[in-house]
Amino acid sequence: MSCTYTYPSTVQRVENRFWFIKESKDVYTDLRTDPEYSGRVQYNFGNNDCTLRITDLRESDSAEYKFRFLTTQPDGKHSGLPGVTLTVKDLQVRVNSLHVYPSELWAELKCHSSCLLRGRLHYVWYKNGQIIQGQTSSYYSVYFTPTDSFSCAVEGHENFRCPPLYPLRVPSVSVSPSAEIVEGSSVTLTCSSDANPAAKYTWYKKNGDPDLHPLSKEPQLVFSSIQSSDSGEYYCTAENDLQRMMSKHISIDVKLIQGQDDWGVTYSSTEICALKGSTVDMSCTYTYPSTVQRVENRFWFIKERNKVYTDLRTDPEYSSRVQYNCVNNSCSLRITDLRESDSAKYKFRFITDQESGKYSGLPGVTLSVKDLQVRVNRLQASTRWAELKCHSSCLPPGRLHYVWYKNGRIIQGQTSSYCSVSFTPTDSFSCAVEGHENFRSPPLYPVRVPSVSVSPSAEIVEGSSVTLTCSSDANPAAKYTWYKNKRNADRQPFSKEPQLHFGSIQSSDSGEYYCTAENELWGKMSKYISIDVKYAPKSATASVSPSAEIVEDSSVTLTCCSDANPAANYTWYKEKQKLLRGQRGIYDFSSISSEDRGNYSCKSENQYGEIMSSSVSVDVQYAPKLPSVSVSPSAEIVEGSSVTLTCSSDANPAANYTWYKKNGDPDRHPLSKEPQLVFSSIQSSDSGEYYCTAENELGSRTSEYISIDVTYAPKLPSVSVSPSAEIVEGSSVTLTCSSDANPAANYTWYKKKQKLLRGQTGIYHFSSISSEDRGNYSCKSENQYGEIMSSSVSVDVQCEYKI
């Protein structure tokens with residue numbers, strides 16, 4: 001067994017770690033120091049894990065094992081709860097099925113344990129300590145005698161064979177105290193038998209009815225204050241899975257101490273068993289004080305109400321069947337033509353001439369009237385042969401002759417209490433004592449095909465109470481066993497009662513059930529009854545197919561599953577928006593789009609309830625959409641300002657961006673590989689058309705162009721004179737002023753400081769220059785963002801001399 005452990009980061013070191021099962025007053029016993037585990041315990045420590053190995057396991061090792069570790073911190077001690085519960089089980093030989101034949105016993109045995117090794121196992125079987133060759137299955141069929149024993153082991157583990165299984169030995173009985181038993185004393189009868197599995201014991205009193213009146217189902221039958229009526233012969237039965245055996249009888253004689261001058265009634269017998277239709281006699285003697293002069297009335301009774309006692313002679317149920325014979329201080333009762341309803345406790349009462357001289361004798365005489373019964377003494381089911389016995393725990397004295405009946409007709413020549421017969425499943429058998437043919441036994445017959453019913457007969461809903469009932473006509477009464485599914489009939493009986501009851505039926509209980517009915521002659525199986533438990537949906541689960549990456553335009557299926565009966569209807573939701581309702585629980589996207597991504601859940605419902613699944617995320621992968629580009633600020637862009645171009649595109653996975661300038665070389669000179677292209681101080685040279693690309697592994701798209709027009713004040717103007725050669729008076733001369741500006745500049749010409757001309761062209765023209773025009777000229781270039789003066793240019797006019 002293994003564990004992992006954790007502790008806070010403030011702990012520097014674990015000083016000790018161990019496994020334990022014993023703890024007392026905060027003292028924990030390391031298994032390595034426990035003498036019960038000496039030489040059988042190994043620890044294997046990793047970093048934060050620890051494994052415990054215990055070898056040569058014993059049943060006493062069954063316990064809860066906990067791991068404990070101690071750290072360097074004063075309070076840094078911890079025991080892991082709840083621990084590991086280890087259950088060590090021995091193998092057991094179990095009786096799977098048993099058949100009793102006239103001369104031998106047959107059983108199918110199983111080598112069983114609730115804890116088995118993994119894999120396909122092979123077994124070794126032993127009979128009387130010797131290996132049974134060729135038997136490697138967990139099941140073993142065998143004929144056996146009462147002295148045989150059987151055990152088994154898992155192959156490879158022969159040293160750990162199970163305790164032997166063997167039939168009962170004849171039970172022994174003892175009485176304590178062994179001396180004379182006096183009324184009112186404590187007496188214990190003990191029954192014991194050697195057996196495995198251990199025997200179950202039942203105590204009976206002879207002349208009672210062992211099938212109806214067991215005195216105790218414990219090994220000891222205890223009389224805390226024994227009475228004279230408890231006198232008699234007792235015996236016990238011992239029973240296990242293989243056999244049932246009866247002890248010898250033990251006689252109990254309770255001594256009664258009674259004064260001769262007291263009120264009293266002494267019964268000659270306190271328990272009588274008689275056969276139906278026969279005659280019974282019971283008698284008593286009675287005493288009374290010497291002060292009594294006369295007994296005025298004496299009678300037997302069984303009924304008393306409000307101190308009114310009904311003389312049997314006046315009871316209509318006993319009319320013409322009761323006779324008294326009372327002489328001196330004794331009185332006997334005779335009842336003829338006994339009926340089973342005559343079973344009762346009979347008491348004698350006498351009334352004297354004294355006012356208080358009335359007395360009823362206790363405990364009375366317990367009369368048990370028994371009918372004859374046909375019992376199966378031996379059976380050979382394969383050949384449908386049985387030896388029957390005409391039985392009663394109460395029989396008349398003397399040698400009796402019997403009359404046997406098959407299907408209501410006398411079987412000629414059969415006068416013994418035993419009768420050997422061949423039978424079919426439809427036959428019946430009864431018997432009578434010769435001379436009492438009117439009081440034949442109830443017929444014995446095999447079980448009929450059992451019928452099964454379910455209650456309630458209406459729809460069965462999970463959690464309700466349901467009862468399956470198996471019934472069959474049979475005598476003796478059938479014993480019932482319930483099974484689920486035919487293949488489990490031999491191994492997993494659900495119940496051995498006529499009714500299989502589900503206090504709170506579950507969906508797992510759905511299935512086909514059947515019962516078997518079996519008595520001493522025959523066994524029959526019922527038809528199947530189908531149990532269909534209705535229940536609300538359970539644990540709705542949503543799934544996506546394909547489970548791998550989902551690409552736009554591919555086919556995608558959402559599936560909702562739920563365990564429900566009847567089948568659920570399903571409703572799909574995206575976030576909280578209802579999409580589709582139907583019985584299939586499937587939502588299809590024939591060509592999924594990016595708009596379909598999101599969280600989906602389904603609701604499963606039927607008439608018994610509803611349940612929501614947890615949500616499942618649908619993440620659609622797609623190539624970038626057409627990128628959009630924007631510029632900030634969106635107003636006029638002035639040189640020197642900060643400008644940001646932004647590229648964005650809807651894409652999954654997210655796109656990578658690259659910025660380019662038109663007429664550039666996009667393959668070699670990208671401007672930026674970020675979503676934003678930032679000019680912290682834009683220059684006039686940055687004017688132009690820009691575009692971006694958005695790209696992921698599924699594709700790429702290029703944006704439209706965005707134009708950037710940077711405005712700026714005029715740059716230093718340049719001035720020129722044309723012609724640039726010698727200027728002769730009277731010739732044509734042009735002064736030109738030019739300046740880089742956005743928007744275009746206006747120009748003003750000056751001669752020295754005298755303003756000459758203002759205009760947009762920057763040209764000052766002399767059509768016929770004169771000597772007065774010579775001098776220094778300059779121009780001013782200006783727009784709304786600024787102005788600038790050019791350097792001056794000298795115009796030297798050469799005079800033309802005339803001769």
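**Exercise 1. Determine the order and the pairing sense of the strands in the open sheet that contains β58, β60 and β62.**

Solution. Step 1: the strand order in this open sheet of three strands is β58-β60-β62, and the pairing is antiparallel. Strands (E, at least two residues) are DSSP runs numbered from the N terminus, as are helices (H or I, at least four residues); two strands pair if DSSP finds at least two bridges between them.

Step 2: β58 (628-632) and β62 (676-679) are the edge strands, each with a single partner, so one side of each is left without a neighbour in the sheet. On average, neighbouring strands of this sheet are turned by 10° against each other, direction ignored. The axes behind such angles are lines fitted to C-alpha atoms, for helices over the stretch in contact, and angles run from 0 to 180 degrees between N-to-C directions.

Step 3: β58 and β60 (residues 643-648) run antiparallel and are joined by five bridges. Within this pairing, Val629 has Cys647 in β60 as its bridge partner.

**Exercise 2. Assess the confidence of the model along the chain.**

Solution. Step 1: this is a predicted model, in which local features need pLDDT of at least 70 and side-chain atom pairs count only at pLDDT 80 or more, while totals for chains, interfaces and linings use all residues. Residues are numbered from 1 along each chain as its sequence is written, and side-chain values use heavy atoms, with hydrogens and water left out.

Step 2: pLDDT is the predictor's confidence in each residue, from 0 to 100. The chain has a mean pLDDT of 87, and 95% of its residues reach 70 or more.

Step 3: the lowest confidence in the chain belongs to strand β23 (residues 254-255), with a mean of 76, and the highest to β60, at 95. Where pLDDT is low, the predicted coordinates should not be read in detail.

**Exercise 3. Describe the pairing of strand β5 and the alternation of its side chains.**

Solution. Step 1: β5 (residues 49-54) pairs with strand β1 (residues 2-4) in the antiparallel sense over three bridges. In addition, β5 pairs with strand β4 (residues 41-45), again in the antiparallel sense, over five bridges. A hairpin through three residues joins β4 to β5.

Step 2: Cys3 stands opposite Cys50 in β5, and Val41 stands opposite Ile54 in that strand.

Step 3: on one face of β5, Cys50, Leu52 and Ile54 are buried, whereas Asp49, Thr51 and Arg53 point to the other face and are not. Buried means under 20% relative accessible area, exposed over 50%, and partly exposed in between (1.4 Å probe, protein chains only).

**Exercise 4. Characterise the disulfides of Cys191, Cys326 and Cys470.**

Solution. Step 1: the structure holds eight disulfides, a disulfide being a pair of cysteine sulfur atoms within 2.5 Å.

Step 2: the sulfur atoms of Cys191 and Cys236 are 2.1 Å apart and form one of these bonds. The torsion about this S-S bond is about 65°, so the disulfide is right-handed. Cys191 lies in strand β17 (residues 187-192) and Cys236 in strand β20 (residues 232-239), so the pair ties together parts that are 45 residues apart in sequence. Both Cys191 and Cys236 are buried.

Step 3: Cys470 is joined to Cys515, S to S 2.0 Å. With a torsion of about 70°, the disulfide of Cys470 and Cys515 is right-handed. It links strand β42 (residues 466-471), which holds Cys470, to strand β45 (residues 511-518), which holds Cys515. Cys470 and Cys515 are buried.

Step 4: Cys326 is joined to Cys331, S to S 1.9 Å. Cys326 is partly exposed at 24% relative accessible area, while Cys331 is buried at 1%.

**Exercise 5. Explain why the sulfur of Cys3 makes no bond to Cys50, and examine Cys419.**

Solution. Step 1: the closest cysteine sulfur to that of Cys3 is in Cys50, at 5.7 Å, which is too far for a bond. Cys3 counts as buried at 19% relative accessibility.

Step 2: Cys419 is in no disulfide, and the nearest cysteine sulfur, in Cys431, is 9.3 Å away. Cys419 is buried, with a relative accessible area of 1%.
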